[in-house]
Number of protein chains: 2
Amino acid sequence: MTAIDLPLVTRETAAVALGSAPDAACCGPLTRETISPADAETFARRLKALADPVRLRLVSIVAASEGHEACVCDLTEPVGLSQPTVSHHLKILTEAGFLSRSKRGTWAYYRLVPGALEAVAAPLVSV
Amino acid sequence: MTAIDLPLVTRETAAVALGSAPDAACCGPLTRETISPADAETFARRLKALADPVRLRLVSIVAASEGHEACVCDLTEPVGLSQPTVSHHLKILTEAGFLSRSKRGTWAYYRLVPGALEAVAAPLVSV
DNA sequence: TTTATTCATTGACGTTCGTCGATATACAGA
DNA sequence: TCTGTATATCGACGAACGTCAATGAATAAA
């Protein structure tokens with residue numbers, strides 16, 4: 001990338017050599033809008049709720065369960081963690097909008113929120 | 001858990017009352033395969049690399065840059081963080097396979113790895 | 001009411017994460 | 001060579017995270 005016929009190789013002069021404006025620098029101007037800090041914050045919060053091996057397994061088990069729902073007592077054993085820990089993860093997934101909770105009797109049933117996973121995947125493919 | 005056909009209301013007897021098989025319980029059997037612990041671990045690691053507002057902005061800026069590449073010096077200002085911190089985030093994104101690094105002169109140019117974001121989004125829509 | 005069961009919450013602990021300043025490394029120009 | 005610039009690495013700090021035992025809240029049967 002060294003400069004053509006110029007003594008000092010700066011990113012500015014290199015950009016000039018490439019035909020861009022002097023203040024275009026190495027990376028040039030942005031060709032489109034970038035994500036706003038606020039949007040990045042909310043999107044990261046949603047991704048972070050999924051970015052845990054235990055929570056991914058919980059989502060997978062709920063999705064694969066008959067009727068697409070599962071209660072805590074059936075999730076704690078396949079995951080191999082204590083009941084409070086499983087409830088903690090389920091709360092995170094629920095607050096992030098991936099699971100919904102409905103209590104029937106003494107049991108709490110969690111089920112997938114339709115379209116929630118697709119909604120978090122969509123921005124990734126359109127980057 | 002308690003036995004079947006006992007006066008105590010267990011999830012088994014509740015399932016019977018609902019017309020399901022006795023061992024169907026509340027969540028019933030799994031209707032398909034669930035993610036393996038190992039796959040959940042690697043997938044969570046990839047998601048975790050993206051689950052940060054700063055790293056999402058870095059990816060967005062690189063993707064929107066002319067030529068689809070950007071060097072560290074141009075990324076540190078719009079993000080508003082120190083250069084070591086930006087380099088740290090870029091390393092995480094690179095090790096996760098989302099960015100590639102090519103050094104030309106004293107500058108390090110980062111660009112998006114084609115298909116990397118789509119690859120991490122695909123498993124989400126197919127759950 | 002008493003007992004038993006399911007689940008959520010609390011408090012604590014060790015680990016990981018995000019950030020910075022300081023320093024090291026690599027490269028280009030003089 | 002020496003100087004300046006761009007980037008990576010190191011060490012440290014506070015914050016956030018994952019986990020558990022203990023406890024609390026709610027429900028149902030006896």
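The following legends describe close-up views of a predicted model.

**View 1. The surface of the protein around DNA strand C.** In this predicted model, 27 residues surround DNA strand C, and the closest of them are Gln83(A), Ser87(A) and Tyr110(A) from chain A together with Thr85(B) and His89(B) from chain B. Of the atoms of DNA strand C that come within 4 Å of the protein, 76% belong to sugar and phosphate. When the residues of this surface are sorted by chemical character, 14 are nonpolar, nine are polar and four are charged.

**View 2. Contacts between chain A and phosphate oxygens of DNA strand C.** Three residues of chain A may be picked out in this view, namely Cys73(A), Arg101(A) and Tyr110(A). In Cys73(A) the atom concerned is a backbone N or O atom, which lies 2.9 Å from a phosphate oxygen of the strand, whereas in Arg101(A) an N or O atom of the side chain is 3.0 Å from a phosphate oxygen. Tyr110(A) likewise uses its side chain, placing a polar atom 2.4 Å from a phosphate oxygen of DNA strand C. The elements that give two or more residues to the surface near DNA strand C are, in chain A, helix H4 (72-79), helix H5 (83-95) and strand E3 (107-112), and, in chain B, helix H3 (53-64) and helix H5 (83-95).

**View 3. The strands of chain A.** Strand E1 (residues 69-71) of chain A runs antiparallel to E3(A) and is joined to it by three bridges, one of the pairs being Cys71(A) with its bridge partner Tyr109(A) in E3(A). Strand E2 (residues 99-104) of chain A also runs antiparallel to E3(A), and here six bridges join the two strands; Leu99(A), for example, has Leu112(A) in E3(A) as its bridge partner. E2(A) and E3(A) form a hairpin with two residues between them, and in the turn Gly105(A) has a positive phi of about 70°.

**View 4. The open sheet of chain B and the helix that lies across it.** Three strands of chain B form an open sheet in the order E1-E3-E2, with antiparallel pairing. Strand E1 (69-71) and strand E2 (99-104) of chain B are the edge strands, since each pairs on one side only, and the twist from one strand to the next averages 30°. E2(B) and strand E3 (residues 107-112) of chain B pair over six bridges in the antiparallel sense, and within E3(B) it is Tyr110(B) that stands opposite Arg101(B). Helix H3(B) lies across E1, E2 and E3 of chain B and runs at about 90° to E3(B).

**View 5. The surroundings of Ile35(A).** Ile35(A) is found in the loop between helix H1 (11-17) and helix H2 (37-50) of chain A. Because its relative accessible area is 24%, this residue is partly exposed. Apart from its neighbours within four places in sequence, Ile35(A) is in contact with Ala40(A) of chain A and with Leu56(B), Arg57(B) and Ser60(B) of chain B.

**View 6. The surroundings of Lys48(A).** Lys48(A) has its place in helix H2 of chain A, and it counts as partly exposed because its relative accessibility is 44%. If residues up to four places away in sequence are not counted, Lys48(A) touches Arg55(A) and also Ala51(B). Lys48(A) and Ile92(A) are 44 residues apart in sequence, while their C-alpha atoms are 9.6 Å apart in space.

How values were computed:
Residues numbered from 1 in each chain as written. Chains lettered and ligands numbered in written order. Predicted model: local features only at pLDDT ≥ 70, side-chain atom pairs only at ≥ 80, totals over all residues. Heavy atoms only, no water. Near = heavy atom within 4 Å. Polar contact = N/O pair within 3.5 Å; in protein donor to acceptor, adjacent residues only side chain to side chain. Helix = DSSP H or I, 4+ residues; strand = E, 2+ residues; numbered from the N terminus. Nonpolar A, V, L, I, M, F, W, Y, C, P; charged D, E, K, R; others polar. Buried < 20%, exposed > 50% of the residue type's maximum accessible area, 1.4 Å probe, protein only. Contact = heavy atoms within 4.5 Å. Pairing = 2+ DSSP bridges. Axes fitted to C-alpha atoms, helices over the stretch in contact; angles between N-to-C directions.
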